[in-house]
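User: Please take a close look at one part of this chain for me. I would like one connected account, in plain terms.

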Amino acid sequence: MQSTNTDFSNTLSYAGIKSCIETGVVNSKNRNYLNVNFALFRILIPSLWSGMPDAPAVDLNSDANTQFVYQAYMLQNVFQPIGLNNIDCVPEVRMVSTLYYNVGNQNSGNGAYYFDWTAMAGGGGFFMTTIEMAAVNAYFEHSEVLLSQEQRDIMKENRIGLDQGIESMELHGEYYGKNGSISNSANQGVLIQIEMFPLNGIDCVVTMNTQGVTFKNTSLKRTIYEAYNDSWE
């Protein structure tokens, strides 16, 4: 698909998704990560759900309706079953919201405030605390509330929705995880890493509201791997 990983208000909008689909595949031989491929779930999930018994009707030509049905599905099938009833794509008001920084920011009042992501969601966009993210991961990894064991095994075997591992650092079984990162033109943003270490049932969720940090082991993911491996000594 032809798109970019910038200008999200346009590239991840309904019109941006439509334009990307109409353009079609422009390079079928090389992998190219694009957020728009995940924003497509905002349309795809309502479309699939509408064919299920007792599902709400959906107007696939309506940006507002697909947004509403997508969030309704996520609430009913992901968040509410594990007790998270107030997750959405709208942040708290700036006065009480966590702001985002670049490591060089000296004035805490200069933090960036990320606005409503309802019209851009699909690959992300839900405002959650670290504990809430950890809860989703825990129910995914240690129960069958969200997925069956068979479904979880398929996801892990094929790394569906999961990042590639670092084989040279995986000293105690296979490690599974997913990162998240976003920043503005001033490199103010958030950095997230979720990791699962199935051999002994340890999970780790780290959220940083600052970009530009220099890690001892080049990345947050490698730093977590190293800490886990060191704990065995």
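Analyst: L44 lies in helix α4. This is a predicted model. L44 is partly exposed, because its relative accessible area is 37%, between the 20% and 50% cut-offs. Its side chain belongs to a nonpolar surface patch of about 440 Å². The other members are Y33, F38, F41 and L48. Helix α4 gives the most to this patch, with three residues.

Helix α4 spans residues 41-49 and also has a packing role to describe: the buried residues of α5 pack against α4. They pack against α2 (14-23) and α6 as well.

Now α5 itself. This helix runs over residues 63-79, 17 residues in total. From first C-alpha to last, α5 reaches 23 Å, close to the 24 Å expected at 1.5 Å a residue. Its buried residues are T66, Q67, V69, Y70, Q71, A72, M74, V78 and F79.

Two of these, Q67 and Q71, lead to T118, which is in contact with both. T118 sits in the loop between β1 (101-102) and α6 (130-142). T118 counts as buried because its relative accessible area is 16%, under the 20% cut-off. Leaving aside neighbours within four places in sequence, its contacts also include R42, C89 and V90. The T118 side chain makes a polar contact with the side chain of D116, at 2.5 Å.

Terms used:
Residues numbered from 1 in each chain as written. Predicted model: local features only at pLDDT ≥ 70, side-chain atom pairs only at ≥ 80, totals over all residues. Heavy atoms only, no water. Helix = DSSP H or I, 4+ residues; strand = E, 2+ residues; numbered from the N terminus. Buried < 20%, exposed > 50% of the residue type's maximum accessible area, 1.4 Å probe, protein only. Polar contact = N/O pair within 3.5 Å; in protein donor to acceptor, adjacent residues only side chain to side chain. Contact = heavy atoms within 4.5 Å. Expected span 1.5 Å × (residues − 1). Patch = residues over 30% accessible without salt bridge, like charges linked within 9 Å, V, L, I, M, F, W, Y side chains within 5 Å. Areas by Shrake-Rupley, 256 points an atom, 1.4 Å probe, with all protein chains shown as cover. Salt bridge = Lys/Arg side-chain N within 4 Å of Asp/Glu carboxyl O.
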